Amino acid sequence: MTTMTDRYSPNFWIWIASVWLGFGLVDAAQTVFVMRSEGMHHVWVKLFVVTVMFWVPWALATGPVVELGRRFPPRKRAAPVVWLVHMAACAAIGLVFTAWTTWLERFFNLYVGSMNSGTFVELWFGKFFSGILSSLLLYAGIIAVSHLVESKARLAHQQVETARLNEQLAKAQLDALRSQIEPHFLFNSLNAVSGLIREGSGEAAVTAIAGLSDFLRHTLELSARQQVPLAEELQFTVQYLDIQKVRFADRLEVSVSVPNDLQNASVPSLILQPIVENAVKHGIAKRLQGGVIRISASRSEEILTLVVCNDGPSLPGDETAACGIGSANVRSRLKNLYGDAFAFTMCNATAGGVEVSVSLPYRAWGFAEVAE
């Protein structure tokens, strides 16, 4: 927002001086050309310069008028005192302006004959009363322009503030979604450990708990980051699958196919884990012989696509029947991060099983980190 300091900064006065100088030059040029066209004889340079100097009082008064307009905004239903203040200010400026122009005319003897006859006071008040309408128009013009500038500055400030609040809201929503994902993951992992214990696989359960502890430690270290390099996201996902391997043993196979040039791509943290968790829960766990989970990544121009496939049972006719909290949170996070610039699809794979694809704008990790 514009402050008092901004109003009376050097740039403010330079802007005011430029506007009134331009106004004075136009008025002086018009005066000189009209008088010359009528065949009058004057010292034209002196007349031009002095006519430009006429507008000094209005230039000096512009700052106070702008401040009066801010302190006493002349609205339709403003109190009578507001209008009295502005009328008094306009009259005072008009008196100063006409006194100044009358003095300049007499001092430099710009005109001769009837145009310069009479006492100073007579000429002064004569100019004042004949120029009341002009003073009102100039005063109203200053108020109107300053109001327009203030409105634009206020609108720009509101837009910046709205963008800042929207960013904070988006981050809060993402944090809330993450806080929903992580307990969900923890619950499922502990449920897998309890299954090992019931099966009498104590050593496997201990190994799973150790892997879970290491995974959660890494998750807490990165809890403040919404974006991570794809390499780190893959590392977390593989750690999760290692925990599941303890339970499924040889029934679970993992295949990761990600080009080296995409390892540094920026992706939302914990975006793959809930997808892989669904693949294990709804795919591999339902097959006695287990199966393979395949993770791949590809880039087409500025779009990064992550794909998770499993060769478990196919989806029923309604895709949403297979979507739990994990898939819902993935969609919500992608919506908050990318708006409509993402795609999330879940479909039956051609070779059997289910394929989940996530497409999002490609950004290198270093660039994304600076942008945040």
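## Helices around the largest pocket

Four helices each supply at least two residues of the lining of the largest pocket: H2 (10–37), H5 (80–107), H6 (120–130) and H7 (132–198). The model is a predicted one. Among these helices, H5 gives the most to the lining, with five residues.

The volume of the largest pocket is about 550 Å³. Its lining counts 23 residues. Nearest the pocket centre lie Phe54, Trp55, Phe97, Thr101 and Lys127. Sorted by class, the lining holds 10 nonpolar, 10 polar and three charged residues.

## Packing of H4 against H5

Helix H5 also packs with helix H4, which spans residues 56–71. Their axes come within 10 Å and cross at roughly 170 degrees. An angle over 145 degrees counts as roughly antiparallel, so H4 and H5 are roughly antiparallel to each other.

On the H4 side, the contact is made by Val56, Pro57, Trp58, Ala61, Val65, Leu68 and Gly69. H5 answers with Val85, His86, Ala89, Ile93, Val96, Phe97 and Trp100. By class, this contact has 12 nonpolar and two polar residues, and no charged ones. Phe97 appears here in the contact with H4, and Phe97 is also one of the residues nearest the centre of the largest pocket.

## The five-stranded sheet

Five strands form an open sheet in the order S2-S4-S5-S7-S6. The pairing is mixed. Strand S2 (252–257) and strand S6 (343–348) are the edges, and each pairs on one side only. From one strand to the next, the twist averages 15 degrees.

## From S2 to S5

Edge strand S2 pairs with strand S4 (residues 291–300) in the parallel sense, over six bridges. Ser257 has Ser296 of S4 as its bridge partner.

On to strand S5 (residues 303–310), the sense changes: S4 and S5 pair antiparallel, over eight bridges. Ser296 serves again here, standing opposite Val307 in S5. Ser296 is thus a residue of S4 with a partner in Ser257 and another in Val307. S4 and S5 form a hairpin with two residues between the strands. Within this hairpin, Glu301 takes a positive phi near 55 degrees.

## The S6–S7 edge

At the other edge, S6 runs antiparallel to strand S7 (residues 354–361), and six bridges join the two. Ala343 has Ser359 of S7 as its bridge partner. Thr345 is partnered by Ser357, also in S7.

S6 and S7 likewise form a hairpin, with five residues between them. Gly352 lies in the turn and has a positive phi of about 105 degrees.

Note on methods:
Residues numbered from 1 in each chain as written. Predicted model: local features only at pLDDT ≥ 70, side-chain atom pairs only at ≥ 80, totals over all residues. Heavy atoms only, no water. Pairing = 2+ DSSP bridges. Axes fitted to C-alpha atoms, helices over the stretch in contact; angles between N-to-C directions. 1 Å grid on protein atoms, 1.4 Å probe; cavity = no way out; pocket = protein on both sides within 12 Å on 5 of 7 lines; lining within 4 Å. Points joined across faces, edges and corners; volume = space filled by probe spheres on them. Nonpolar A, V, L, I, M, F, W, Y, C, P; charged D, E, K, R; others polar. Parallel < 35°, antiparallel > 145°, perpendicular 65-115°, else oblique. Contact = heavy atoms within 4.5 Å.
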